[in-house]
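Visitor: Please take a close look at a single part of this structure, and then place that part in its wider setting. I am a first-year student, so please explain each term when it is used.

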Amino acid sequence: MLSRVAERMYWAGRYLERAENGARLVRVHGHMLLDMPARAGRTWEQLVTIFGQQATFASRYDDPSEKNVVSFLVADAENPGSILSSLASLRENVRTTRDVVPTECWECVNELYLFSGRELPRSGTERTRHRTLSEVISRCQQLTGLLAGTMSHGPGYRFMRVGLNLERADMTTRVLDVPAASLLYAVEEFEPYRYTLWMNVLKSLSAYQMYCQYVRRRVLGEDVIEFLLRDALFPRSLRSCLAEIAADLELIPRHQTALDEIGSLIDDLDGTLTTEMDAAVLHDYLDTLQRRLGDVHQRIVSTWFLSAKSQ
Amino acid sequence: MPPILRDYTPGAFHDELVTPEGRSRAGADQLVTYLNTLSSKALIDRQAAAERAITEMGITFTVYTEGQNIDRAWPFDIVPRVISGSEWSGIEAGLRQRLSALNLFIDDLYHEQKVVKDGVFPKETLASSKNFLTACVGASPRFGVWAHICGSDLVRDSDGTMYVLEDNLRVPSGVSYMLENRSVTKRVFPDLFENQNIMPVDNYPSDLFDMLVAIAPTEDPEPEVAVLTPGIYNSAYFEHSYLAQRMGAELVEGGDLLVGDDDCVYMRNIEGLTRVHSIYRRIDDTFLDPQVFRPDSMLGVPGIMRAWRNGNVALANAPGSGVADDKVVYTYVPELIRYYLDQDPILPNVPTWRCSDSKHLDHVITNLADLVVKPANESGGYGMLIGPVASKAELENFAGLIRADPRNYIAQPTLAISTTATVSEAELEPRHVDLRPFILQSDRLAVTAGGLTRVALVKGSLVVNSSQGGGSKDTWIVEDRD
C-alpha cells in the first residue's frame with residue numbers, strides 16, 4: 001500500500017470520528033444546559049474549550065452565545081474543526097483514495113457530505129438540531145459499518161481504524177478534562193448538580209448506559225473517570241481505544257516502534273489508579289495522556305507517511 | 001397525450017435517431033417507440049433522477065479556477081445515441097486499421113524513417129514536429145507499439161458519412177464517463193435493456209489492464225501496474241482514480257515513485273519500496289522526467305526516461321507517441337495506411353488543406369471565411385478559427401498567423417455535423433454530437449463498443465467540450481441483424 005494512501009486513510013478515520021464525536025457532544029450539551037442553573041457555571045463556551053478552539057472562536061465571534069457556539073462548531077466552514085469541515089475533509093480524503101475504498105463507501109461519504117452541507121447550516125433550533133445531528137451520527141455509523149463489512153481488512157482499513165481510535169481516545173481525554181478542571185474550583189452551590197454534570201459527561205461519550213451496567217452504583221466523578229480512562233470493555237474508554245490501536249498496528253508492516261510507543265502508554269495507564277488522585281494531579285495526568293497520544297501520532301507519521309519522508 | 005417525438009424536427013442535419021421522413025434509424029426502433037410513450041413530466045423526472053444519481057455517485061470533473069478546486073457534477077443527457085451493430089462493425093475495423101498504421105509509423109520514425117526515405121512523408125514536416133522527441137530515437141517498446149491507447153474523434157456529416165476528425169494519442173480522456181454514463185442509463189431506463197441487444201461496454205478496464213500487463217517488461221505473471229496522475233487538481237482526476245480502482249492498480253503521483261540506482265522504478269509504500277513494471281501515465285511527455293524534459297516539472301519522476309529506455313518499465317502511451325498526434329500528420333493517415341498495410345482506408349478523413357503546401361495555402365487564405373483552421377499541436381479546441389462566425393478583424397489576424405507559420409496550421413470545411421434527440425426543458429430537441437471511441441493496442445487490438453458521445457447542450461452550438469457547455473450521452477451499439 002502506498003504511503004500516501006495510508007496517510008489519507010488514517011486521516012479519513014480521524015475526520016470521520018471527529019465529526020461523529022462533535023455531533024454527539026453538541027447534541028448532549030444542549031440537553032444538559034436545560035438541567036443546570038446558570039450559577040453552576042456550565043456554558044456553551046466550554047464546548048469550544050473541549051475542542052481546543054478558543055482562539056479561532058474568539059477571532060470570529062464576539063460572544064459565546066448558544067447560537068454562535070453552535071454555528072461555529074456545527075456548520076462554520078471557516079472553522080477547520082467544525083462538523084461540516086471535518087466531513088469535507090473526510091470526503092476529500094476518501095475522494096483521493098477512491099481507488100482503494102469500496103464504491104459503496106465513497107457514495108455513503110459523498111451523500112453524508114451533501115446532506116450535511118444542506119442541513120447543518122439550517123440546524124439552528126434545538127429541535128431541528130437534534131434531528132440533524134442524530135442523522136449525521138447514524139450516517140457516520142453506517143459508514144463505519146460499511147467499511148467493516150465491505151473493505152478488505154488490509155493495511156488501508158487498519159490505518160483508517162488507527163486514525164479513528166486515536167481520535168476517539170483524544171476526545172475522551174478532552175471531554176474529561178473540563179469537568180476534572182471544575183473539580184479544582186469546587187463551589188458549594190455546585191454540589192447538587194454534580195451528579196447531573198457527571199451523568200452528562202457519560203452521555204456525551206454515549207457511555208451512560210454501559211457505565212450503569214458495569215459500575216452498578218450511583219454516578220460518582222471518580223468512578224466516571226476510572227471508567228472512561230481504564231475500563232477494558234467499553235469501546236470509547238481510553239484503555240479500549242489503545243488496545244484497538246495496538247491490535248491494528250500489529251497487522252501493519254514495520255510496526256515495532258509505533259507499537260512500543262503505544263505499549264508503554266498502555267502499561268502506564270494500567271499501573272495508574274486514578275481514584276487516588278487529587279484534582280490537580282488528575283488534571284496534570286490528563287494533560288500527560290493527551291501529549292502522549294500526540295507522540296503516538298508522531299510515531300505513526302514518521303514511520304509510514306510520505307509527508308515525513310525526505311526525497 | 002401526443003407522442004413526445006411528434007414535433008421533433010432535425011432540419012437540414014443528419015439526425016442519429018430519425019430520418020427526415022420521421023422513421024427510426026436502424027437500431028433505434030425500440031428507443032423511439034419507448035420515448036413516444038413518455039409524457040413530458042416523465043421525461044423531466046427521468047432527467048432529474050439521472051442528475052441526482054450522478055451527484056450521489058460523485059461522478060465529477062474538476063474545474064480549477066481562482067485557486068479553488070471545484071468538483072462539478074458531470075453534465076449528462078439521458079437520451080442515448082444509437083448506432084446500429086452493422087454500421088459499427090465497419091467503424092471498428094476502420095479504427096483498428098488506423099491505430100495499427102499509426103503505430104507502425106511512430107516506430108518507423110524513431111528507427112529507420114523508411115516512410116521519409118520513400119517520399120511518403122515529407123522530411124520538413126518531421127523536422128518541424130514539436131512532438132518528435134529525440135530522447136526517444138532508437139527506443140524499442142514491446143511489440144513495436146507506442147500508442148497503446150488512442151481516442152479518435154468521429155463526426156458524421158450531412159451526407160451520413162462518418163469521418164475521423166482527429167486521433168488523440170497523447171493522454172485521451174473520457175473513457176470513465178463512457179462507463180459511468182452506461183451505469184446511470186441502466187438506472188434510468190432499465191426496461192430498455194431487457195428487450196434488445198445493446199453491446200456491453202464494461203470490459204474496458206479489463207482490456208486496459210490486460211494491455212498494461214502485456215507490455216510489462218517482466219516474466220512475472222502478476223506485474224505491478226500503476227496509474228500515474230498529475231494529482232487531485234487535474235480535471236481528469238476522477239477518471240484516473242476510477243480506472244485505477246476498476247483495474248485494481250495503484251494510483252500514484254510523481255512523488256510516490258522514484259528511480260533506483262538499478263534504473264528500475266519503485267513506489268514508496270508502507271513496506272518500503274516496491275518495483276513497478278507498467279505505468280499508465282496521465283501526464284504529458286514534457287512533464288514526465290525533469291532530468292530530460294522540463295526541469296521545473298513537479299509532476300514527473302526524475303530518471304523515468306532512463307528506466308524506460310533501458311526496458312525496465314513500460315509507459316503507456318510511450319513517450320514520443322505524440323508525434324502522430326499532430327494535425328498535419330493526420331492529413332497523411334490515409335497514405336500511411338496504404339504504405340504500411342497495403343490496404344485502402346476504411347474510415348475517411350475530413351478533407352483537409354495543409355497550409356505548408358503553397359497551393360493549399362492560397363486556397364485557405366482565399367476561402368478563410370468558409371473554413372475551420374486548427375493549429376497542428378493544440379487540443380481541446382484551443383487556438384482555432386471558425387471562419388463562418390469570425391469577424392473581419394479576426395479573419396485578417398488569422399491570415400497573418402497562418403502566413404507566419406504555415407506548417408503549424410491545417411484547414412477543413414465547416415462540417416454540418418449530425419444531431420440527435422436531447423432533453424431541452426420538457427421537450428426533445430436535436431443537438432449536435434460527436435463520438436470518441438477508445439482503441440487499445442499491445443499484442444492485440446481492442447475497441448470499445450461505441451465510445452463517449454459528447455453533445456453540445458446549447459441550441460445550435462457545435463462545442464461539445466464539458467468545460468464549455470457540452471455534455472455527454474450513453475452510446476448504444478444495437479444489434480440490428482437477425
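Guide: B:E425 counts as exposed, because it has 9 C-beta neighbours inside 10 Å. The rule behind the word is that a residue is buried if 20 or more other C-beta atoms lie within 10 Å of its own, exposed if 12 or fewer, and partly exposed in between, with the C-beta atoms placed from the backbone. This is a predicted model, in which local features need pLDDT of at least 70 and side-chain atom pairs count only at pLDDT 80 or more, while totals for chains, interfaces and linings use all residues. Residues are numbered from 1 along each chain as its sequence is written, and chains are lettered from A and ligands numbered from 1 in the order in which they are written.

B:E425 lies in the loop between β17 (419-424) and β18 of chain B. Here helices (H or I, at least four residues) and strands (E, at least two) are DSSP runs, numbered from the N terminus. The backbone of B:E425 has a phi near 55°, which is a positive value in a residue other than glycine. Chain A offers a parallel case: phi of A:R254 is also near 55°, again positive in a residue other than glycine. A:R254 sits in the loop between α12 (238-249) and α13 (256-270) of chain A, and it counts as exposed because it has 11 C-beta neighbours inside 10 Å.

From the loop that holds B:E425, one may pass to β18 (427-436) of chain B, which is among the elements that cover the buried residues of α1(B). The others named there include β3 (76-84) and α7 (190-194) of chain B. Helix α1 of chain B spans residues 29-37, and its buried residues are B:L31, B:V32 and B:L35. Seen down the axis of α1(B), these residues fall within an arc of 100°, so they line one face of the helix; the arc is that of the directions from the helix axis to the C-beta atoms. The general rule is that an α-helix has 3.6 residues a turn, so residues three or four places apart point the same way.

Strands in chain B also pair with one another, where two strands pair if DSSP finds at least two bridges between them. Strand β14 (residues 371-375) of chain B is joined to β16 (residues 409-413) by five bridges, and the two run antiparallel. In this pairing B:L371 stands opposite B:P413. Two bridges join β14(B) to strand β15 (residues 385-386), also antiparallel, and there B:V372 stands opposite B:I386.

Another group of strands forms an open sheet of three with the order β8-β9-β10 in chain B and antiparallel pairing. Strands β8 (257-259) and β10 (272-275) stand at the edges, each with a single partner strand, so one side of each is left without a neighbour in the sheet. The twist averages 40° from one strand to the next, with axes taken as lines fitted to C-alpha atoms, for helices over the stretch in contact, and angles running from 0 to 180 degrees between N-to-C directions. Strand β9 (residues 265-269) is joined to β10(B) by four bridges, and a hairpin connects β9(B) to β10(B) through two residues. Across this pairing B:N269 faces B:G272, while the bridge partner of B:M267 is B:T274.

One further backbone feature belongs to a loop of chain B. The peptide bond from B:A316 to B:N317 is cis, with omega near -10°, and B:N317 is placed in the loop between β12 (314-316) and α12 (327-341) of chain B.

The wider setting is chain B itself, which has 14 helices and 22 strands. Of its 482 residues, 47% count as buried. Among contacts in chain B between residues at least 6 apart in sequence, 69% join residues at least 24 apart; two residues are in contact if their C-beta atoms, placed from the backbone, lie within 7 Å.

Chain B also meets chain A, where 20 residues of chain A are in contact with 19 residues of chain B. On the chain A side, the elements that give two or more residues are α1 (3-35) and α6 (103-119) of chain A. Helix α6(A) gives the most, with five residues.
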